[in-house]
Structure formats: C-alpha cells, structure tokens
Amino acid sequence: MKRIILHIDVNSAFLSWSAIKLLEEGYSKDIRDEISVIAGDPKKRHGVIVAASIPAKKIGIKPPINLFEAKKKCKNLIVVSPDYNFYSKKSKELMCFLKSLFSDVEQYSVDECFVDYTGFRKLYGNEVDFAYKLKDEIYKRFKFTVNIGIGNNKLSAKMASDFEKPNKVHTLYLNEFKEKVWGMDISNLFMAGKASCKKLRELNINKIGELASADLNMLIRNLKSQGKLLYEYANGIDNSEINSSSYEDKKGIGFSRTLEYDMDDKDEIYKYLYYFSKDISKELREKNIYASTLVITIRNNEFKTYNHQQKYLNGINLANDIYEKAKELFNQTWNKEPIRLIGLRVSELSDSNHFQLSIFDEITDNVEEEKIQNIIDKINNNYGKEIINRGNKKTNNN
Ligand SMILES: [Mg+2]
C-alpha cells in the first residue's frame with residue numbers, strides 16, 4: 001500500500017504569530033494585511049528581516065534584503081520585533097493539537113511537521129477532504145492559516161505544501177510528479193541549494209524533469225552523493241520514515257529553527273542559541289532535572305547536517321551556563337558556511353547534578369544562580385509572561 005503523508009506548514013509563521021499577538025494586545029491593524037516585516041533589530045538600520053507579509057513580498061520586500069533597503073521600497077513599512085517565546089508557544093499549541101489527532105507527528109521546524117496519514121484513512125476518511133477540514137479547524141482554533149501538502153512520501157508532501165500559498169491544500173502523488181513538478185526550475189526541488197543548482201546549470205540541467213532523466217553516474221561524478229539524492233528527489237523517490245522523536249524526544253530537550261535565509265553572521269546565530277538555552281533551561285528547571293550532554297545541530301545551505309556533542313562532568317540546567325557552552329560547541333563545529341538551520345539539544349537527563357565532583361566554589365555559585373533563576377521563573381509564571389529577565393551580562397554576543 002502506498003503511504004499517505006501530510007506536510008503541515010504555517011503560512012509566514014513569524015509574521016502570522018506576531019499579528020495574533022498584536023491583535024490580542026489591542027493593536028487595530030492585522031499586520032498580515034499590511035506592508036509589514038518582522039526584523040531582527042528595528043533600531044539598527046541594517047536590521048535583518050526574518051519574515052515579510054504577503055503585501056510586502058508583492059512589492060519586493062522579502063529576505064534576505066535588509067531593513068534599510070526595505071524602507072526605501074516603502075516609507076510606511078510596519079516593522080515588528082520578533083518574539084521567539086511567543087512563537088515557540090504557538091508552535092507548541094499546534095504540535096500538541098496535531099499529536100492529539102495522530103500517533104506519528106514529526107516536527108521538522110518550528111512551524112512545520114509531517115504526519116503519517118496512511119493508517120488514519122479508515123478513521124478520518126479521504127485525505128484531501130480531511131486536509132481541508134484540518135486546515136479550517138487550525139484556523140478556527142489558533143487564528144493562523146496553514147498550507148497542507150499531501151503526497152506518498154515526505155518529499156512530495158513537502159513540495160506540495162509549497163505550491164501556492166496561503167491557506168491552501170495541494171496534492172503531489174507519485175503519479176502527479178511528472179505533470180506538476182518536472183516543468184519547474186531545479187531551484188524548486190527540495191534540497192537543491194544554490195551551489196548544487198549552479199553546478200546543475202553548468203551541466204545544462206535547468207528543469208526538474210531534465211534532472212530526473214539525466215545520467216545518474218554523470219550526476220554522481222559531478223555532485224557526489226548530493227547528485228544521487230537530487231536525482232532521486234527529481235524522480236519523487238524518498239523512502240525516509242516519519243520520525244516522531246527527532247525534534248524533542250523523551251531523552252532530551254531541544255529546539256531548532258529553520259532560518260528564513262542562509263545566515264553567516266555569528267552574532268545573529270548566537271541570538272538563536274541564547275533563546276534556545278533559555279527555553280531548555282526553563283524546561284529543565286521546571287522538571288528539576290539536569291543534563292550532562294549538549295548537542296549542537298547545524299544544517300548548511302546544501303542541507304548537509306552536522307551534529308557535534310559534548311559531555312560534561314557536572315549536570316547543567318542554567319540558561320547562561322548552557323548558552324556559554326553552546327557558543328563554545330558552535331565555534332568548534334561551524335566552518336563559516338551559510339547556515340539554514342540551527343538547533344540545540346540537551347540529553348542524558350538526570351535528577352542529580354553530580355556537583356560532588358566539582359570544586360566547592362562552583363557549587364555555591366551555581367546553587368545561588370539556580371535559586372535566582374527559579375525565583376525569576378516563578379514571577380514570570382505568575383504573570384503569564386516574561387516580565388523579568390536576567391541582566392544581560394551574558395546575553396551580549398561576545
Ligand atoms: Mg512556514
């Protein structure tokens with residue numbers, strides 16, 4: 001039996017989620033309908049745009065152009081700072097809802113996931129009818145729109161959800177691959193990064209269909225394993241399983257984010273590590289547990305993924321501690337190439353911090369710091385949002 005896979009992808013996630021937050025706070029406009037952007041630091045002239053509204057994209061404002069260039073295109077551009085805590089809350093709400101419907105949900109990034117629908121056909125009926133219902137239900141519950149792609153594997157589902165946005169359902173079954181995909185430019189093929197596309201064009205391969213019928217050995221000679229992968233993808237071949245434990249498994253706590261464009265600015269990447277460290281620390285301390293291994297994940301713009309991990313003698317659970325170690329690990333791993341996805345995870349969790357092995361000074365320091373962090377968490381929890389933060393002595397990006 002052919003598998004049926006759904007790919008659910010939030011439309012302009014950061015922008016949609018910020019729009020919801022602003023509306024909740026009483027802002028009169030829905031920034032999804034305005035020329036608006038989410039930008040790293042609006043005070044900086046050259047701030048990085050991480051998301052743009054559809055009206056903004058229509059006039060050419062989209063990553064990777066910076067804020068300065070964007071403002072030249074529209075004087076009244078609405079600029080909103082990102083709120084990653086709010087985004088991760090919205091992301092969790094959606095994933096929780098989907099996990100209540102399906103046994104296997106693979107979160108692929110903060111705003112997208114795969115679901116194996118094959119066994120659920122009996123329960124929920126035809127996948128296309130269901131996808132329309134699901135899309136509308138998500139909007140009703142959470143007030144943001146999604147695209148749902150339906151295919152016979154993860155690759156085709158993901159490509160289908162990318163077709164036309166927003167608020168759409170598309171199918172890309174294997175028998176539709178030729179008709180729907182082969183006429184497209186190779187840059188639309190999943191995993192075909194800039195460098196691979198350049199090489200393929202040099203080989204006079206411009207369309208996905210041309211890649212699908214190219215000589216495999218020639219592709220392997222020129223693009224190595226990436227050549228084989230892209231050849232298979234162009235032919236709709238992808239046998240990878242839904243991996244429901246890859247994003248956040250029982251053994252560890254982690255976060256990752258697919259970046260809106262290829263990032264090679266260390267300071268920008270540090271910001272993500274900082275937010276991840278804070279969220280990981282919060283979860284560890286809520287459960288009163290410690291982690292002794294830290295894993296950093298980097299996916300480059302060629303979609304190659306590197307993991308690098310480090311074990312520590314003493315358990316860690318404090319945000320600053322995790323952040324400092326994450327930076328160290330990042331610097332050991334990163335070879336300065338543009339980054340598409342960054343992730344941070346802790347594992348080997350236990351309820352003891354093994355501080356008996358450590359020198360006494362460090363113990364008292366950490367116990368004090370932990371007390372302070374727990375108090376901050378309590379206050380923030382009582383108010384339902386983050387009103388207190390640690391001083392920024394370690395949040396700057398040195
Ligand atoms: Mg999305």
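Of the 398 residues of the protein, 35% count as buried, and, since what you have open is a predicted model, please read every feature on this tour as a feature of that prediction. With the whole chain shown in cartoon style, you can look for 14 helices and 12 strands. Contacts between residues 24 or more positions apart make up 62% of the contacts in the protein with a separation of 6 or more.

**The core**

Next, select Leu6 and Val37, which are the residues with the most contacts inside the largest nonpolar core, a set of 92 residues. If you then select residues 266-286, you will have helix H12, which gives this core its largest share, namely 7 residues.

Stay in the core and centre the view on Val37. Which residues is Val37 in contact with, once its neighbours within four places in sequence are left aside? They are Ile49, Ala51, Ala52, Ala56, Ile61, Ala70, Leu77 and Val79.

**The sheet around Val37**

Now select residues 36-39, which form strand S2, and add strand S3 to the selection, with which S2 pairs in the antiparallel sense over 3 bridges. Within this pairing, Val37 stands opposite Ala52 in S3, and Ala52 is also one of the contacts of Val37 listed above. In general, the strands of a sheet pair through backbone hydrogen bonds, in either a parallel or an antiparallel arrangement.

Widen the selection to the open sheet of 3 strands, whose order is S3-S2-S4 and whose pairing is mixed. At its edges lie strand S3 (49-52) and strand S4 (78-80), each of which pairs on one side only. On average, and with direction ignored, neighbouring strands of this sheet are turned by 30 degrees against each other.

**A covered helix**

Move on to residues 154-161, helix H7. How many of the residues of helix H7 are buried? The count is 8 of its 8 residues, and the helix is therefore described as mostly covered. These buried residues include Lys154 and Lys158 as well as Leu155 and Met159. To see what covers them, show strands S1 (5-10), S6 (112-116), S7 (146-151) and S8 (169-172), together with helices H8 (177-181) and H11 (216-234), all of which are among the covering elements.

**The last stop**

Finally, select residues 319-333, helix H13, whose 15 residues reach 21 Å from the first C-alpha to the last, close to the 21 Å expected at 1.5 Å a residue. Colour Ala319, Asp321, Ile322, Tyr323, Ala326, Lys327 and Phe330, which are buried in H13. As you look along the helix, it helps to remember that an α-helix has 3.6 residues a turn, so residues three or four places apart point the same way.

Methods:
Residues are numbered from 1 along each chain as its sequence is written. This is a predicted model: local features need pLDDT of at least 70, side-chain atom pairs count only at pLDDT 80 or more; totals for chains, interfaces and linings use all residues. A nonpolar core is a set of buried Ala, Val, Leu, Ile, Met, Phe, Trp, Tyr and Cys residues joined through C-beta atoms within 7 Å. A residue is buried if 20 or more other C-beta atoms lie within 10 Å of its own, exposed if 12 or fewer, and partly exposed in between; C-beta atoms are placed from the backbone. Helices (H or I, at least four residues) and strands (E, at least two) are DSSP runs, numbered from the N terminus. Two residues are in contact if their C-beta atoms, placed from the backbone, lie within 7 Å. Two strands pair if DSSP finds at least two bridges between them. Axes are lines fitted to C-alpha atoms, for helices over the stretch in contact, and angles run from 0 to 180 degrees between N-to-C directions. The expected span of a helix is 1.5 Å times one less than its number of residues.
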